[in-house]
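Colleague: I have a chain open here and a few things to ask. Can we go through it together?
Modeller: Sure, put it up and start where you like.

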Amino acid sequence: MPRNANRVQQTDTQEIPQQPLTYSPPTTFVSLPTGGKFYPPEHPLHGKDSVEIKQMTTREEEILTNQSLIKQGLLTDRLIQSVLLDKEINPESLFIGDKNAILVALRIDGYGPEYNISVPCPSCNEVNNKEVDLSALGIKGVDDTIETTENGTFVVNLPRSGAKIELRLLTGLDEKKIAETNKKTKKYGLERPIATQYSHMIASVNGNGDQSIISGFAANLPAFDSRIIRNEYKKINPDVDMSFDFQCDECGHDQGMEVPITANFFWVE
């Protein structure tokens, strides 16, 4: 038999390697703290109380280790964009509470609900290592005592300035703009993070929605009114309830605290 014929015969008798199996990650529905109530009618999540996401894979782990995304502050948006089934949803358009709910759900699905944190005791300053069960976290809704407008804003009367303002919920895009403004003004020693945040939170002052009026008002608020705004925003902001009961292992001090979301939130050894 010719050498070439023998070579062909050997090839024909070899087993054909099997194609690698593909994995389709399961999906889950995440309850939205806002219930979809405050998105405009044209938004994909308007009136929807949940959003469907796929569970994390190595593709998402690669996003989490992308140093360029981390430096640019784009990591969480890219991560959420990767897992959303509805690609019409822009992660930047999500309200902060809804983003947090998605991130917590991803952490639980990807690495389990156990989250190990190091917390200094407010009383003795001893660092405590605690484990928080993320699956036990609840949802904070909107306080029903706050007046809501048809535009999805919240009316607050400020006692010292006598102003009637409308507050609106912050989105991921608002957070990005606030961070960019603070970065620019810091170069010139003009950083005013509180006033900058208020200029995005306030939708109108005494019925006037002009941004220059709002910015000027936010920059000269009485401290008493500033505290009112912070407290009222906590009441109106639907979010994941990140509180947990802390008890110091050293001195026994006991109080409620907020679960810190650190750079290790998505990493488990």
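Colleague: Where does Ser-82 lie?
Modeller: Ser-82 is part of helix α4, residues 75-83. Keep in mind that this is a predicted model.

Colleague: Is Ser-82 buried or exposed?
Modeller: Buried, because its relative accessibility is 16% and the cut-off for buried is under 20%.

Colleague: What is Ser-82 in contact with, leaving aside neighbours within four places in sequence?
Modeller: Its contacts beyond those neighbours are Lys-54, Arg-59, Glu-60, Ile-63 and Lys-87.

Colleague: What does Glu-60 form with Lys-54?
Modeller: A salt bridge, with the closest N and O atoms 3.0 Å apart.

Colleague: And are those two buried or exposed?
Modeller: Glu-60 is buried, at a relative accessible area of 0%. Lys-54 is buried as well, at 17%.

Colleague: How many salt bridges does the count come to?
Modeller: Six. Another one of them joins the side chains of Arg-168 and Asp-174, at 3.0 Å from N to O. In that pair Asp-174 is buried, with a relative accessible area of 6%, whereas Arg-168 is partly exposed, with 27%.

Colleague: Which residue does Lys-235 meet in a salt bridge?
Modeller: Glu-232, with 3.3 Å from N to O.

Colleague: How far apart are Glu-232 and Lys-235 in the helix?
Modeller: They are three residues apart in helix α9, so about one helical turn separates them. Glu-232 counts as buried at 15% relative accessibility, and Lys-235 is partly exposed at 35%.

Colleague: Staying with α9, what does that helix give to the positive patch?
Modeller: Helix α9 covers residues 223-236 and gives the most to the patch, with three residues.

Colleague: Which residues form the patch?
Modeller: Lys-140, Arg-160, Arg-227, Arg-230 and Lys-234 form this positive patch on the surface. Lys-234 is in helix α9, and it is exposed, with a relative accessible area of 61%.

Colleague: Change of topic. Which residues of helix α7 are buried?
Modeller: In α7, residues 193-201, the buried ones are Ala-195, Thr-196, Tyr-198, Ser-199, His-200 and Met-201.

Colleague: What do they pack against?
Modeller: The buried residues of α7 pack against two strands, β8 (164-167) and β9 (202-205). They also pack against the helices α6 (172-186), α8 (211-219) and α9.

Colleague: Since β9 came up, is Val-205 in that strand buried or exposed?
Modeller: Val-205 lies in β9 and counts as buried, at 7% relative accessibility.

Colleague: How far is Val-205 from Lys-164?
Modeller: Their C-alpha atoms are separated by 6.0 Å, and the two residues are 41 residues apart along the chain. Lys-164 is also among the contacts of Val-205 once neighbours within four places are left aside. The others in that list are Ala-163, Ile-165, Ile-214 and Phe-217.

Colleague: And Phe-95, where is that found?
Modeller: Phe-95 is in the loop between α4 and α5 (96-111).

Colleague: Is Phe-95 buried or exposed, then?
Modeller: Buried, with a relative accessibility of 8%. Leaving aside neighbours within four places in sequence, its contacts are Thr-34, Phe-38, Tyr-39, Leu-169, Leu-170 and Thr-171.

Colleague: What separates Phe-95 from Asn-208?
Modeller: There are 24 Å between their C-alpha atoms, and the two are 113 residues apart along the chain.

Colleague: Last topic, backbone angles. What is the phi of Asn-125?
Modeller: It is positive, about 70 degrees, although Asn-125 is not a glycine. Asn-125 sits in the loop between β3 (114-120) and β4 (127-133). It is exposed, with a relative accessible area of 59%.

Colleague: And what about the phi of Asn-206?
Modeller: Asn-206 has a positive phi too, of about 50 degrees, and is not a glycine.

Colleague: Where is Asn-206, and is it buried or exposed?
Modeller: Asn-206 is in the loop between β9 and α8. It is exposed, because its relative accessible area is 54% and the cut-off for exposed is over 50%.

Note on methods. Residues numbered from 1 in each chain as written. Predicted model: local features only at pLDDT ≥ 70, side-chain atom pairs only at ≥ 80, totals over all residues. Heavy atoms only, no water. Patch = residues over 30% accessible without salt bridge, like charges linked within 9 Å, V, L, I, M, F, W, Y side chains within 5 Å. Areas by Shrake-Rupley, 256 points an atom, 1.4 Å probe, with all protein chains shown as cover. Salt bridge = Lys/Arg side-chain N within 4 Å of Asp/Glu carboxyl O. Lys, Arg positive; Asp, Glu negative; His and termini not counted. Charge placed at Lys NZ, Arg CZ, Asp CG, Glu CD. Helix = DSSP H or I, 4+ residues; strand = E, 2+ residues; numbered from the N terminus. Buried < 20%, exposed > 50% of the residue type's maximum accessible area, 1.4 Å probe, protein only. Contact = heavy atoms within 4.5 Å.
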